[in-house]
Protein chains: 2
Amino acid sequence: MLTETTETQVTNALRAAAARDSVTDIFFVACGGSYALMLPNQHVVDRESASITGVAINAAEFKARAPKRLGKGSVVILCSHSGTTPETVEAAEIANAAGALTIALTIAPASPLARVAHHTIVYTHAPMTMTADHSPAILYRLTFGILAARDGNGKLADLEAGLAALPALVDGAIATSKDAVAAFAESHKREPVIYTMGSGASFGVAYSFAICILQEMQWVHSAAIHAGEYFHGPFEITDFDVPFIQLVGVGPSRAMDERALAFAQSYSRRMTVLDARELGVETLPESVAEYLAPLVFSPVLRAHADKLADAKGHPLTVRRYMWKMDY
Amino acid sequence: MLTETTETQVTNALRAAAARDSVTDIFFVACGGSYALMLPNQHVVDRESASITGVAINAAEFKARAPKRLGKGSVVILCSHSGTTPETVEAAEIANAAGALTIALTIAPASPLARVAHHTIVYTHAPMTMTADHSPAILYRLTFGILAARDGNGKLADLEAGLAALPALVDGAIATSKDAVAAFAESHKREPVIYTMGSGASFGVAYSFAICILQEMQWVHSAAIHAGEYFHGPFEITDFDVPFIQLVGVGPSRAMDERALAFAQSYSRRMTVLDARELGVETLPESVAEYLAPLVFSPVLRAHADKLADAKGHPLTVRRYMWKMDY
């Protein structure tokens, strides 16, 4: 049972990463919604580091793939909300056996994952807000913290400043989205299919909304379409009555999102657009604003999910399989 | 205009990769169906190399992400069927400017991509067969060839032997699937949604079937679900009337596929299963069989697509946007 504060847990994990002989790879390993949180972290490592590689990978795939680079130069960051996901616990054991440093995020400090990982960080779960103690924020603090210690990356202070500004920014974004959210829920409550679309650091949150909210919690068919992939297959499914939720980020990926949006808006009358610029993301420190966009999209999307669930009379907590049987 | 044979083109590209001062990274860059071909190559590099990293990435995302590791130690392998995909041509220019070695696959030796890349390889396009000159085979020959030259990997001979056995194996697999394919087409011709599922080296072909065949060429809603992700969200969409095409591979990822299949089969009456074992993939050299499974699934899936198109009266060549407008 962990008794340190989250701050101390983050500090201790980063200290351990800084003390390693070498760090050549960061593996971001989880399943489902937790895996979706890992995707922007691979994005950050790709964007920011010339010496360290980042790979986000599903925990079962990690076991099957058995990456040959996994070893003493690896930091393996894992996340399981309950700390009981068997694949993720097993991935931590595999990583430990390979000599990697393992850092786990969970809400359950006494869980199997917390017992296996070298370091555990307990995060705050409150889906309609975003603080520096929420899981996506902690993951960024770890990633930028490791890049600062091992690679001279200088953006950690901007990240911390951006995270400090997020709670108020998110409250404001949800408040100003209120009417749009209500209109979305009413007009989509009978849709059998709703696509999501995003790119860059925000693709993960599009994926998460598709698989965890729409498919899992609302039994609505869905797929996350990468905005850069849209024109190479998926765009042919676009029609006047096909709904898309389009995330428009900031930074270099914005052009991809805008191109997809311009096309989709011309042929679908069912577009829902969340624009990071309109949600205030550009008021955050410029060096990290593109990375923080999904941390604003996530709670605003959750507001959409809550209202959609109300309109459908299908609470987000209903499941037909999960928690009810072995699988 | 290239005049060498495909063999000479592959040999020359591999010679250039072998002659580099260092190779630390292979970037596999393309869009849509060509991007899908890249995914198993990242898988191979992850599985096989301790010294080289592999990243499969959409070409527009590659430009926006601007990976910091891209440089003189990089080989960038690109693919565009027509050789005209603007994002992929631009990615080749970016890679050249960074000092990387660029190798392009296309069917069009006089195309913009062929003009930009240092080396171009012209592949054979015949979707119902599979030879060593098809694009997924050439990509593996490049990947294993680079790993042989730079990393001491010893599987190239097994790969070549496996590829040599594929044409007959694929012809046989399509012939024995004939009745199942016809039954699939008739029973799915009015389905509005068909999911695909796969994992490991075969996830890419599940993705390709979802976005290029179902969404693009048949206007059927779809998503590729990773078998390892299925239990963490998507499985809640499963019901008696929800169709899935499940690819079951060989090697370490098979357990993931089997677990997903066992669950899905219990709750959906609309499962279509392609099992690499039943298709004869285990007769191929064991060290590369898991990688060759998608090269068998791909033409067998194309047989399904052809029959589905017939049953729907919707030819695979019909488009509403592509080739008809600028986007």
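B:Trp219 sits in the loop between helix H9 (203-218) and strand E7 (224-226) of chain B. In this predicted model, phi of B:Trp219 is near 55°, a positive value in a residue other than glycine. B:Trp219 is partly exposed, with 18 other C-beta atoms within 10 Å. The points below turn to a second residue with positive phi, the relation between the two chains, their interface, one helix of chain A, the nonpolar core and three individual residues.

**Positive phi in chain A**

- A:Ala66 is not a glycine, yet has a positive phi of about 45°.
- The loop between H3 and E3 of chain A holds A:Ala66.
- With 12 other C-beta atoms within 10 Å, A:Ala66 is exposed.

**Relation between the chains**

- A turn of 180° with a shift of 0.0 Å along the axis lays chain A on chain B with an RMSD of 0.0 Å.
- The two copies are thus related as by a two-fold rotation axis.
- Within chain A, the C-alpha nearest this axis belongs to A:Ala223, at 2.6 Å from it.

**The interface**

- Contacts between the chains involve 50 residues of chain A and 50 residues of chain B.
- On chain A, at least two residues of the side touching chain B come from each of helix H2 (32-48), strand E2 (53-58), helix H3 (59-65), helix H9 (203-218) and helix H10 (254-267).
- H2(A) supplies seven residues, the largest share of the side of chain A that touches chain B.
- By residue class, the side of chain A that touches chain B divides into 22 nonpolar, 16 polar and 12 charged residues.
- The copies meet through the same surface, because 100% of the interface residues of chain A are also interface residues in chain B.

**Helix H1 of chain A**

- Helix H1 (residues 6-19) of chain A consists of 14 residues, and its reach of 20 Å from first C-alpha to last is close to the 20 Å expected at 1.5 Å a residue.
- The buried residues of H1(A) are A:Gln9, A:Val10, A:Ala13, A:Leu14 and A:Ala17.
- Viewed down the axis of H1(A), the buried residues fall within an arc of 125°, so they line one face of the helix.
- A:Glu7, A:Thr8, A:Arg15 and A:Ala19 are exposed on the other side of H1(A).
- The cover over the buried residues of H1(A) includes strand E3 (74-79), strand E4 (101-106), strand E5 (119-122) and helix H6 (135-151) of chain A.

**The largest nonpolar core**

- The largest nonpolar core has 230 residues, of which A:Leu78, A:Val296, B:Leu78 and B:Val296 touch the most other members.
- Not counting residues up to four places away in sequence, A:Val296 touches A:Leu169, A:Val170, A:Ala173, A:Ala276, A:Leu279 and A:Val281.
- In soluble globular proteins, nonpolar side chains tend to be buried together.

**A:Thr129**

- A:Thr129 is located in the loop between E5 and H6 of chain A.
- A count of 15 other C-beta atoms within 10 Å makes A:Thr129 partly exposed.
- Apart from neighbours within four places in sequence, A:Thr129 is in contact with A:Pro167, A:Val170 and A:Pro299.
- One of these partners, A:Val170, is also touched by the core residue A:Val296.
- From C-alpha to C-alpha, A:Thr129 and A:Thr196 are 21 Å apart in space and 67 residues apart in sequence.

**B:Asn96 and B:Ala98**

- B:Asn96 belongs to helix H4 of chain B, whereas B:Ala98 lies in the loop between helix H4 (86-97) and strand E4 (101-106) of that chain.
- B:Asn96 is partly exposed, with 15 other C-beta atoms within 10 Å.
- B:Ala98 is partly exposed, with 16 other C-beta atoms within 10 Å.
- Neighbours within four places in sequence aside, B:Asn96 is in contact with B:Thr102 and B:Val116.
- On the same basis, the contacts of B:Ala98 are with B:Leu70 and B:Gly71.
- B:Asn96 and B:Tyr291 are separated by 195 residues in sequence and by 29 Å in space, C-alpha to C-alpha.
- The C-alpha atoms of B:Ala98 and B:Ala289 are 35 Å apart, with the two residues 191 residues apart along the chain.

Key:
Residues are numbered from 1 along each chain as its sequence is written. Chains are lettered from A and ligands numbered from 1 in the order in which they are written. This is a predicted model: local features need pLDDT of at least 70, side-chain atom pairs count only at pLDDT 80 or more; totals for chains, interfaces and linings use all residues. A nonpolar core is a set of buried Ala, Val, Leu, Ile, Met, Phe, Trp, Tyr and Cys residues joined through C-beta atoms within 7 Å. A residue is buried if 20 or more other C-beta atoms lie within 10 Å of its own, exposed if 12 or fewer, and partly exposed in between; C-beta atoms are placed from the backbone. Two residues are in contact if their C-beta atoms, placed from the backbone, lie within 7 Å. Helices (H or I, at least four residues) and strands (E, at least two) are DSSP runs, numbered from the N terminus. The expected span of a helix is 1.5 Å times one less than its number of residues. The arc is that of the directions from the helix axis to the C-beta atoms. Copies are superposed by least squares on the C-alpha atoms of residues with pLDDT of at least 70 in both. Ala, Val, Leu, Ile, Met, Phe, Trp, Tyr, Cys and Pro count as nonpolar, Asp, Glu, Lys and Arg as charged, and the others, Gly among them, as polar.
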